[in-house]
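Please consider the following model and its bound ligand. The explanation proceeds from the pocket to the contacts made inside it.

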Amino acid sequence: MEIKVLMIGFGHVGRGFADLLLKKEKILNEQYDLQVKVVGIITRSRGTVIDEKGLDLGKILNTTQAGQPFASTGLPVTDQSTEQLLETLDYDVLVELSITDLQNGEPATSYIKTALMRAKHVITTNKGPVALYLPELRKLSRNKGVQFRFEGTVMAGTPLLNLIHYNLAGLQIRKIQGIVNGSTNYILTRMSQGLSYEDAVSEAKALGYLEADPTADVEGWDAVAKTMILSAAVFKQPLTKEQIRRKGITHLRQEDVKAAEAQGKVWKLIATLEQREKGLLAGVQPELLEKSHPLASVHGATNAVIISTDFLPDVTIVGPGAGEYETGYSVLNDLINLSREIAVP
Ligand SMILES: NC(=O)c1ccc[n+]([C@@H]2O[C@H](COP(=O)([O-])OP(=O)(O)OC[C@H]3O[C@@H](n4cnc5c(N)ncnc54)[C@H](OP(=O)(O)O)[C@@H]3O)[C@@H](O)[C@H]2O)c1
């Protein structure tokens, strides 16, 4: 089966996904009968390239490594707007990988809606549209008979959402508790190894785990967005960010980490969703865990989530929560699953 992909965004995740398409071309062909043709890549400042016969991804990856605009590399550029291309180009799947905006989810939400309205499948790793508008986007995709997939929005390519959707099917999910932000876990881990909060933050920035402005991570907003996605996707109870108790890690200092250590405990930024009789309890906050707790031994930028259900008490999934290939893989995984469902008669 041939699938034509239109990409929005060619940053870390976009490049990781494009490179995986090249590296996995043979497997996709031979094991999944899948020929993926990228017919367009739209960016904010580098320009837009389109080719209905399929873009040469190897050339694009090589020539744009240093961040040059597409035009300077001899690639087939266009000055048509994103909206025009979404409305007119011949594609099967929109892969939306632009930057996350947690205030209004734009412009990604509008792009996704335009594609869905045209009955195009959509895959995204962008947290904004999913955290804020999942029920609406799901309804639209269902009405149009197409798929809306977003595995990479929580735990990157570590398949938390697919695990719950496919492998825990039929079970009642009672509680989800986990470390869903790798950079804060990295900071807390380095503090437990003797660094001050400030030095751990600087190190996390230098390693690319944190933005220049780390507020979204250290104040817990990124974890709140993921909690919103899980509440809507898993519990089917969308929450606003105001409905989620939130406390970041900015108040924690070396002394707190040392004091915890002396008690045989460890600080972790924990996101929790728990179905109670009165409703869904949702929060993101630093918690003191016993060292024997399964989340206590999750170090560095790794993510981990415990899913508690009615008949499998606790299932734990541990893995990367960010990264070029780690998140790019979530898109490839979504694409393979999407093609499997299209292929079913
Ligand atoms: N990186 C991760 O590990 C990770 C993990 C999970 C989820 N995510 C999410 O995945 C998405 C992509 O992340 P990333 O790390 O690849 O980001 P990134 O490196 O900052 O790249 C973002 C890309 O989107 C493009 N873009 C931004 N606004 C646009 C617009 N209005 N129209 C068209 N293109 C636009 C940028 O264009 P220019 O190249 O011109 O700047 C860039 O190519 C984000 O929503 C992020 O939150 C990332």
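The paragraphs below treat the largest pocket and then the ligand.

This is a predicted model, in which local features need pLDDT of at least 70 and side-chain atom pairs count only at pLDDT 80 or more, while totals for chains, interfaces and linings use all residues. Residues are numbered from 1 along each chain as its sequence is written, and side-chain values use heavy atoms, with hydrogens and water left out.

The largest pocket (an open set of 1 Å grid points over the protein atoms alone, where a 1.4 Å probe fits, with protein on both sides within 12 Å along at least five of seven lines) holds about 1700 Å³ of space. Its lining (residues with an atom within 4 Å of a point) comprises 50 residues, and His12, Val13, Ile99, Thr100 and Glu211 lie nearest the centre. Among the elements that give two or more residues to this lining are α8 (182-192) and α13 (324-343); α1 gives the most, with three residues.

The ligand sits in the largest pocket, a term requiring that more than half of its atoms lie within 2 Å of the pocket's grid points. Around the ligand are 24 residues (each with a heavy atom within 4 Å), of which Ser45, Ser98, Thr100, Thr125 and Gly323 come nearest.

Polar contacts (pairs of N or O atoms within 3.5 Å) involve oxygen atoms of the ligand. One lies 2.8 Å from a backbone N or O atom of Val13. Side-chain N or O atoms take part at 3.0 Å for Arg44 and at 3.2 Å for Thr327. Taken alone, the ligand exposes 900 Å², of which the protein buries 83% (Shrake-Rupley method, 1.4 Å probe).

Notes
Polar contact = N/O pair within 3.5 Å; in protein donor to acceptor, adjacent residues only side chain to side chain. Points joined across faces, edges and corners; volume = space filled by probe spheres on them. Helix = DSSP H or I, 4+ residues; strand = E, 2+ residues; numbered from the N terminus.
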